[in-house]
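Student: Please take one position in this model and examine its surroundings closely. I should then like to see how that position relates to the packing of the chain elsewhere.

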Amino acid sequence: MTELGKGAATEDGVGPRRKIVILTSHVFLRGYRKASVHFVASRWAEQGHDVHFLTIGHSWLTPLKDRPRFRALSERQANQFETVAPNLRAGAYLPPLHAFSSGNRILNAANGMLFRLYGNYLPRFARSALAAADLVVIESGSALAFFDYAKSLNPETRTLYFCRDLLRSVGAAPVLQDIQAATIGRFDTVCVPSERLGALLPSGGRIRVIPQGVDAVLFDREQPFPYATGSRNAVSIGNMLFDEATVAAMAAAAPDINFHIFGAHWRGSVLPNVTVYGERAFESIVPFLQHADFGIAPYRLTKDEIYLAESSLKLAQYSYCGLPILLPDLIPFTRANAIVYRLDGETAWREKIDMALAMRRSSAFREGILTWDDVARQTLDAAFETK
């Protein structure tokens, strides 16, 4: 393994080149949504670091839930790494079975053993990358089960907990919450996008707060107008804590506005002015963000989840595009483009929507928002800080 500070220089000449392995439940596949871990991985690779993006949390069971995703992973990344960009390789551990979180109490009881067994093995392609890594990044979720195994393969490597969500908020199995509590103090760094999220984590972690970023290059490029000429359009992206009932109420109150829903699963009937796109490549969504009249952040959340105001990708992206944002009153979002509605019992939907339509777009809404290049550099600096 490269000694800290003694590796070859990066291509931009800033600091040593690092060998980085990321363990995550996300997939690095064209056509699938991008989360912060994808943007940071890509920027590290562009900065000259050697990045391996390792997908876990999938198996031969995956087709029962998402056959297209399993087929896409199987074609090129099944138990091997594929080069997806210069300095960036993505691969997927696909065993016959895998442990997974469930809302079923009996199944979660069995998961206590299953997750520990599942996290105690990786095939050779993954072991080789981990053994050579200067830094192992473990994202919140199922990847936590692999912490001890990764350290056994490479005791000297730096470890970073890339924590983006409160585990109980995303329905993670109790055993993963137990593993998080037991290991958080053993990570060299715990990186969170929100001070509130850091405060809600188990004690003992070396917390560093680095806000979310935006893809400035992509957003600054003028994109084609994707909407019908003369139409008024609202956009919602992402599926985290998605409040379908609220969006349906908005659409019913404003039949003259077209509502474009990306990423979320819509279970009820769909009004004529609502279009549900499902999961799309992030690049294809950017024109809808650039040219929308306003954005929606329809979170159905509790007080423990208000950290989403600081860690929400959509809020940063809407603001960078200068959009007014409709969001629930429980979120303490302080930018001037916020138009809040009551999380429970809102009736003045038309009034709120008219406020959004009347608000002038402004580049001032983007002030202070980091780029992903900024986030990647700050995250790596935090990972290699001297204790």
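**A single position and its surroundings**

Tutor: Leaving aside residues up to four places away in sequence, L326 touches M250, F294, G295, I296, A297, I339, Y341, K352 and I353. The model is predicted, and the description that follows should be read with that in mind. L326 belongs to strand β14, which spans residues 325-328. Its relative accessibility is 0%, and since buried means under 20%, L326 counts as buried. One further relation concerns V340: the C-alpha atoms of L326 and V340 are separated by 5.7 Å, although the two residues stand 14 residues apart along the chain.

Two of the residues touched by L326, M250 and I353, lead to a helix pair. M250 is one of the α9 residues in the contact with α13, and I353 is one of the α13 residues in that contact. As a general matter, two packed helices are described by the angle between their axes and the distance between the axes. Here the axes of α9 and α13 (residues 349-358) cross at roughly 80 degrees and come within 9 Å. At that angle, α9 is roughly perpendicular to α13. On the α9 side the contact is made by T246, A249, M250 and A253, and on the α13 side by W349, R350 and I353. By class, these residues divide into five nonpolar, one polar and one charged. L326 thus touches both sides of this contact, because M250 and I353 lie within 4.5 Å of L326 by the rule for contacts.

The loop between β10 and α9 (244-253) holds L241. Most residues other than glycine have a negative phi. L241 departs from that pattern, with a positive phi of about 50 degrees although it is not a glycine. L241 is also buried, at a relative accessible area of 19%. N87 can be set beside L241: the phi of N87 is near 70 degrees, again a positive value in a residue other than glycine. N87 lies in the loop between β3 (81-85) and β4 (88-92), and with a relative accessible area of 16% N87 is buried.

Another buried loop position is S59, in the loop between β2 (50-55) and α2 (63-76). The relative accessibility of S59 is 0%, so S59 counts as buried. Beyond four places in sequence, S59 touches F70, L94, P95, P96, L97 and H98.

Aromatic rings provide a further view of the packing. A pair of rings is described by the distance of the centres and the angle of the planes. Rings of Phe, Tyr and Trp pair if their centres lie within 6.5 Å, and by this rule there are 19 aromatic pairs. In one of them, Y227 with F288, the centres are 5.4 Å apart and the planes stand at 80 degrees, so the pair is edge-to-face. Y227 sits in the loop between α8 (216-220) and β10 (232-237), whereas F288 is in helix α10 (residues 282-291), so the pair ties together parts that are 61 residues apart in sequence. Both partners are buried: Y227 has 7% relative accessibility, and F288 has 12%. Ring pairs also link F39, F219, F282, Y320 and W372 into a cluster.

F39 and W372 of that cluster also take part in a helix contact, that of α1 with α14. Helices α1 (residues 36-46) and α14 (residues 372-383) pack at an angle of about 80 degrees, and their axes are 9 Å apart. The two helices are therefore roughly perpendicular to each other. From α1 the contact draws on S36, F39, V40, R43 and W44, and from α14 on W372, D373, V375, A376, T379 and L380. Its residues comprise seven nonpolar, two polar and two charged.

The packing of α3 and α6 has another geometry, with an angle of about 50 degrees and axes 8 Å apart. These helices are therefore oblique to each other. In their contact, N108, N111, G112, F115 and R116 of α3 meet P174, V175, L176, D178 and I179 of α6. That contact has five nonpolar, three polar and two charged residues. Within α6 (residues 174-183), the buried residues are V175, L176, I179, Q180 and T183. These cover an arc of only 145 degrees around the axis, which puts them on the same side of α6. They pack against α3 (105-118), α5 (147-153) and β6 (158-162).

Key
Residues numbered from 1 in each chain as written. Predicted model: local features only at pLDDT ≥ 70, side-chain atom pairs only at ≥ 80, totals over all residues. Heavy atoms only, no water. Buried < 20%, exposed > 50% of the residue type's maximum accessible area, 1.4 Å probe, protein only. Helix = DSSP H or I, 4+ residues; strand = E, 2+ residues; numbered from the N terminus. Arc of directions from axis to C-beta. Axes fitted to C-alpha atoms, helices over the stretch in contact; angles between N-to-C directions. Parallel < 35°, antiparallel > 145°, perpendicular 65-115°, else oblique. Nonpolar A, V, L, I, M, F, W, Y, C, P; charged D, E, K, R; others polar. Phe/Tyr/Trp six-rings, centres within 6.5 Å; stacked < 30°, edge-to-face > 60°.
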